[in-house]
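Visitor: I am new to this structure and would like to go through it with you. Could we start with how the helices pass each other?

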Amino acid sequence: MRRLRTEERISLDLSPFQSRELVERAAALLRRIAPKEELRFMHVCGTHENVVTRYGIRSLLPPQIRVVAGPGCPVCVTCPAEIDSAIQIARKHATLFTYGDMFGVPGSSISLRDARGEGARVKVVYSMADAIGMANPVAGPSVFFSIGFETTAPITASVIRSGVPKDFAFIVSHRLIPPALVALLDSGKVEMDGVICPGHVSTIIGTHPYDVLAKEFGVPVVISGFEPLDIVLSLVELVKQHKRGARVFNEYSRSVKPEGNPRARRLIDEVFETCDMDWRGIGTLPSSGLRLREEFSDLDALKKYRIRVRRDDRMPTGCKCSDVLLGSLSPTQCPLFGSRCTPDSPVGPCMVSSEGTCRTWFLHGGQDS
Amino acid sequence: MQLCLAIPGRLEEIRGKSGIVDFGGVRRTVDLSLLEKCKVGDYVIVHAGFAIQILSEEEAKSTLDLLRQLEAATD
């Protein structure tokens with residue numbers, strides 16, 4: 001163990017990325033180069049939507065440049081059938097651990113929070129390491145409900161590779177961003193003139209998995225960081241690509257390397273294999289999910305407790321989250337938004353999760369322009 | 001927590017596979033097993049209790065330089 005002396009400390013000043021002056025200069029540049037026609041740029045990250053809305057970035061943009069949120073909230077696209085399975089396990093078989101975002105999302109009828117209120121054993125943790133530390137085989141078996149995109153999957157894989165406690169299993173609900181984008185573009189379910197790719201998913205997978213979007217679909221691609229300047233610079237880059245041809249540009253190079261994080265990628269490959277996956281409100285997207293490889297199948301909680309998952313990717317009745325997730329509707333265009341559906345009394349998953357577009361718009365006054 | 005909200009902090013101590021990271025005054029134990037290598041003083045991006053990358057100061061500077069380059073290119 002070695003402590004850092006003050007004089008050794010390097011400084012990493014990220015404040016210019018939040019500088020009003022620099023953001024306004026980038027926005028002025030964007031206004032100067034924007035073409036006359038409307039361009040629709042989609043991001044697929046709840047944190048990007050948070051930054052765009054909280055900093056009022058849409059109000060800085062020329063009216064023809066539209067930034068829309070795609071299916072970037074992992075909790076929102078987790079199917080009711082998966083949540084129902086987790087509830088069944090927590091009621092009958094094991095203590096169920098999960099991340100806080102998952103806690104309040106309703107399955108086909110109730111959420112894990114409701115189930116805990118009725119006596120089911122549900123615990124919320126910040127990190128999977130906390131769940132491992134809290135698991136107590138003497139008191140009974142444990143299950144981790146593991147959701148999230150490529151950023152979270154290597155954490156699950158790392159924990160599995162380093163050995164889990166006795167009687168500890170997983171519901172694996174990880175989903176993958178690039179195959180989902182390919183499937184959505186292929187099916188024509190989304191319309192976009194460029195895509196803003198998530199910075200931390202890309203920190204793991206690198207830049208190459210997006211090549212297909214630029215090469216085969218001709219869609220401009222930028223990998224963006226999470227500060228206001230990152231977002232506006234990324235929009236400038238997408239407009240440039242719209243004029244000169246699509247490529248994959250890495251604006252977030254301070255974190256994303258072309259090869260990503262090789263150790264994390266290797267762990268994902270060792271522990272998981274890809275599978276077709278249902279996305280709530282969207283449908284089945286080929287090769288967009290992960291499941292445990294055969295050699296780790298004894299850690300699969302659904303097999304262990306013989307839970308039969310019937311397919312169900314519906315949204316609650318009257319809820320427009322499906323259209324919000326595909327960027328075809330703004331939250332404020334949903335008749336339930338802010339009246340029947342609020343963070344205190346949410347109807348759909350996009351109002352429950354802190355990464356959901358509806359919740360972000362409600363809390364931070366989101367609007368189209 | 002927000003699942004994809006990964007935040008930078010300064011690695012202050014290394015204790016085997018984990019380390020102490022300072023997030024502007026708040027110190028937390030962070031798992032370092034997803035990093036090939038790291039050293040005390042590195043700024044790491046932490047997601048759900050795991051460090052997923054070391055931030056590059058040089059690359060941060062070159063991104064800031066991008067705005068000036070783009071402005072020059074469109075003058």
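Guide: One term comes first: a crossing is left-handed if the near helix is turned anticlockwise from the far one by less than a right angle, and right-handed if clockwise. Helices (H or I, at least four residues) and strands (E, at least two) are DSSP runs, numbered from the N terminus. This is a predicted model, in which local features need pLDDT of at least 70 and side-chain atom pairs count only at pLDDT 80 or more, while totals for chains, interfaces and linings use all residues. Residues are numbered from 1 along each chain as its sequence is written, with chains lettered from A and ligands numbered from 1 in the order in which they are written.

Visitor: Which way does α2(A) pass α16(A), left-handed or right-handed?

Guide: The crossing of α2(A) and α16(A) is right-handed. Their axes come within 10 Å and cross at roughly 20°; axes are lines fitted to C-alpha atoms, for helices over the stretch in contact, and angles run from 0 to 180 degrees between N-to-C directions. α2(A) and α16(A) are therefore roughly parallel to each other. Angles under 35 degrees count as roughly parallel, over 145 as roughly antiparallel, 65 to 115 as roughly perpendicular and the rest as oblique.

Visitor: Which residues meet there, α2(A) with α16(A)?

Guide: From α2(A) come Glu49(A), Asn50(A), Thr53(A) and Arg54(A), and they meet Thr357(A), Thr360(A), Trp361(A) and His364(A) of α16(A). Two residues are in contact if their C-beta atoms, placed from the backbone, lie within 7 Å. By class, this contact has one nonpolar, five polar and two charged residues. Ala, Val, Leu, Ile, Met, Phe, Trp, Tyr, Cys and Pro count as nonpolar, Asp, Glu, Lys and Arg as charged, and the others, Gly among them, as polar.

Visitor: Changing topic, how many residues of chain A are in contact with chain B?

Guide: 51 residues of chain A are in contact with 36 residues of chain B. On the side of chain A that touches chain B, α1(A) gives the most, with six residues. That side has 25 nonpolar, 15 polar and 11 charged residues.

Visitor: And the sheets? What is the order of the strands in the open one?

Guide: Four strands of chain A form that open sheet, in the order β4-β3-β5-β6, with parallel pairing. Two strands pair if DSSP finds at least two bridges between them. β4 and β6 of chain A stand at the edges, each with a single partner strand, so one side of each is left without a neighbour in the sheet. β5(A) and β6(A) pair over seven bridges, and Ile147(A) stands opposite Ser173(A) in β6(A).

Visitor: Which helix lies across β5 and β6 of chain A?

Guide: That is α7(A), running at about 160° to β6(A).

Visitor: What about β8(A), are its faces covered or bare?

Guide: Both faces of β8(A) are covered: Val221(A) and Ile223(A) on one side, and Val222(A) and Ser224(A) on the other, are all buried. A residue is buried if 20 or more other C-beta atoms lie within 10 Å of its own, exposed if 12 or fewer, and partly exposed in between, with C-beta atoms placed from the backbone. β8(A) pairs in the parallel sense with β7(A) over four bridges and with β9(A) over three bridges.

Visitor: Lastly, where is Arg306(A)?

Guide: Arg306(A) lies in the loop between α13 and α14 of chain A. Arg306(A) has a positive phi of about 50° although it is not a glycine.
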